[in-house]
Amino acid sequence: MNHPDSQPIKLVPSQKAAETAEQEGSLYESRKKVYVRSISGVFANWRWILVWVTQLLFYGLPWLQWNGRQAVLFHLVERKFYIFGWVFWPQDVFFLAILLIISAYALFFFTAIAGRLWCGYACPQTVYTEIFLWIEEKIEGDRNKRMKLDKAPMSGRKFGLKAAKHTAWAVVALWTGFTFVAYFTPLKELLGSFVPFAFGSWEIFWILFYGAFTYFFAGIMREQVCKYMCPYARFQGVMFDPDTLIITYDEERGEPRGSRKKGVDPASVGKGDCIDCSLCVQVCPTGIDIRKGLQYECIGCAACIDACDEVMDKMNYPRGLIRYSTENALKKHWGRKEIVGHVMRPRTLIYGGILALVCMAFVWGLATREPLRVDVIRDRATLSREVAGGLIENVYQLQIMNMTEAPRSFEVSVSGLDGIRIADFGGQVEVPSASMHALTLQVRVPVDTGEPGSSNVIHFDIKAKDDTSVAVHEASTFLLPR
Amino acid sequence: MKQILVLWPSFLVAGIAEMVFFTVVDPQQLFLFGKPVDFSPIATYSIGFFGFWLVCAASSLLTVFFQRPGEDINRAGRAGN
């Protein structure tokens, strides 16, 4: 899962990190292109694992079938969200809200413990940039070749390489757009439109729209999305404290930096462990120099750790000149044990506690979700009227929602007044799977019932025939004329 | 940069507004100039999204416009004389 052909690292001493220095303070338009050098190592492997997991899920889920329908489908036309065995209705917006709260607290929790884990490994921006960079490297070559190619005047070869790269990007982007739309319009319908190319105009539009987004964000904008457009990048700092794991350069150990021959003991030449090879800068997707300390641009991808560890191995120095550590650990020379010991602290306990509570509420809510929902709406147009046979009639509309994936019949009855009954109704109603049935009922009582001009509470009872525990007892009012 | 400042925050907020609005309101129950909306639901959602985006972008545009410090305006005025 590494870049298989990534070059062995050449130690280029004293290649200054001037290129990054120039970038800082530059405006968005005049940014210098960051040429990211590919890197392999423990953290790069983790990132590739997450690229595979998230993208297999994203590209794969729309193809999955469940109960003869698409397993995960946010069906906008039907206004129903299908997620495996569940069917969610607009009335279930509560669950969506809870899910958003869970996501937010999970983000707080993990940020407080280990910094920008999300940004470094799982954010779509990171994942697609990784994929697009991989394509770029496969077609245009490694970092040096890419820089040379961009400087070179336009030629047949340059044009060919650029065209190939952009075509490959466009294919990935369009497929991403297609997959995205397949979450909202059934994939089968989309596939059916593929051959005659008879997509609805809005489907085409959204495929292109999302595709273009992917293309520009992952191919062109890259680190600028994180630096200028991401709200999380701006406020993540408030979740940090001195015990948060961050990617740090051990200044005490590294400085004074400088070049030296391989295998030289740093102390003997009056230098620190940093050989100033600037590889940590070259591999950085946001183009910063981690040796200047924690910066808000750092997305926590740990590429510099992988790069530096490789260099330290070559120099026969211990690994970890750049490593995951905390502000406190660096200051107080803590080892792994003390760092782990400080994971539990009021901030993480509060975030974690709230997260656990909300998760439990979510699971409890899902487990106890009623498979039947009924809305009773009194017909307001006709309050009450006298009908043939000496009866008073009120009209109600019942919306019976069968939330399960099997058709069900329900018994409907009414109670609350003497002699109350439903006219012209067989007493039961069939509701297809995962759908709503609107039922108009004329409810009648004999003229001499109750006090004239009064408003009386009545109850509708709706019970599933196959399972009496699935029942709803819904109140409404019955008006009697003066 | 200014374009990003106008278009991007409004895009984010429009996304949220779209979600909240259409969770609560069924596009089939909307009325347009007194007549029920007869577009397809996908079209209604899409138009809704761009409507929200437009409104939010207008607000962002004003924010960017008013953010211009007084000195800038004074200087521009002098330059024009």
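**Figure 1. Residues 39-61 of chain A in this predicted model.** Let's start with a stretch that is 83% helix and 0% strand. The C-alpha atoms at its two ends sit 30 Å apart. UniProt, in an unreviewed entry, puts "transmembrane region" on residues 39-61 of chain A, and also on 81-108, 167-184, 204-221 and 349-367.

**Figure 2. Residues 349-367 of chain A, another span on that UniProt list.** Here the chain is 100% helix, with 0% strand. From end to end, the C-alpha atoms are 26 Å apart.

**Figure 3. Residues 43-66 of chain B.** Again it's an unreviewed UniProt entry that gives the label "transmembrane region", this time for residues 43-66 of chain B. In the model this piece comes out as 100% helix and 0% strand, and its end C-alpha atoms lie 34 Å from each other.

**Figure 4. Where chain A meets chain B.** On one side there are 12 residues of chain A, in contact with 10 residues of chain B. Chain A's share of that contact breaks down into 9 nonpolar residues, 1 polar and 2 charged.

**Figure 5. An open sheet of 3 strands in chain A.** The strands run in the order 3-4-5 and pair antiparallel. Strand 3 (72-75) and strand 5 (86-88) of chain A are the edge strands, each with a single partner, so one side of each has no neighbour in the sheet. Going from one strand to the next, the twist averages 10°.

**Figure 6. Strands 3 and 4 of chain A, up close.** Strand 3 pairs with strand 4 (residues 80-83) in the antiparallel sense, over 4 bridges. Look for A:Phe74, which stands opposite A:Phe81 of strand 4.

Notes. Residues are numbered from 1 along each chain as its sequence is written. Chains are lettered from A and ligands numbered from 1 in the order in which they are written. This is a predicted model: local features need pLDDT of at least 70, side-chain atom pairs count only at pLDDT 80 or more; totals for chains, interfaces and linings use all residues. Two residues are in contact if their C-beta atoms, placed from the backbone, lie within 7 Å. Ala, Val, Leu, Ile, Met, Phe, Trp, Tyr, Cys and Pro count as nonpolar, Asp, Glu, Lys and Arg as charged, and the others, Gly among them, as polar. UniProt positions are given in the numbering used here, feature names are shortened, and annotations may be inferred rather than shown by experiment. Two strands pair if DSSP finds at least two bridges between them. Axes are lines fitted to C-alpha atoms, for helices over the stretch in contact, and angles run from 0 to 180 degrees between N-to-C directions.
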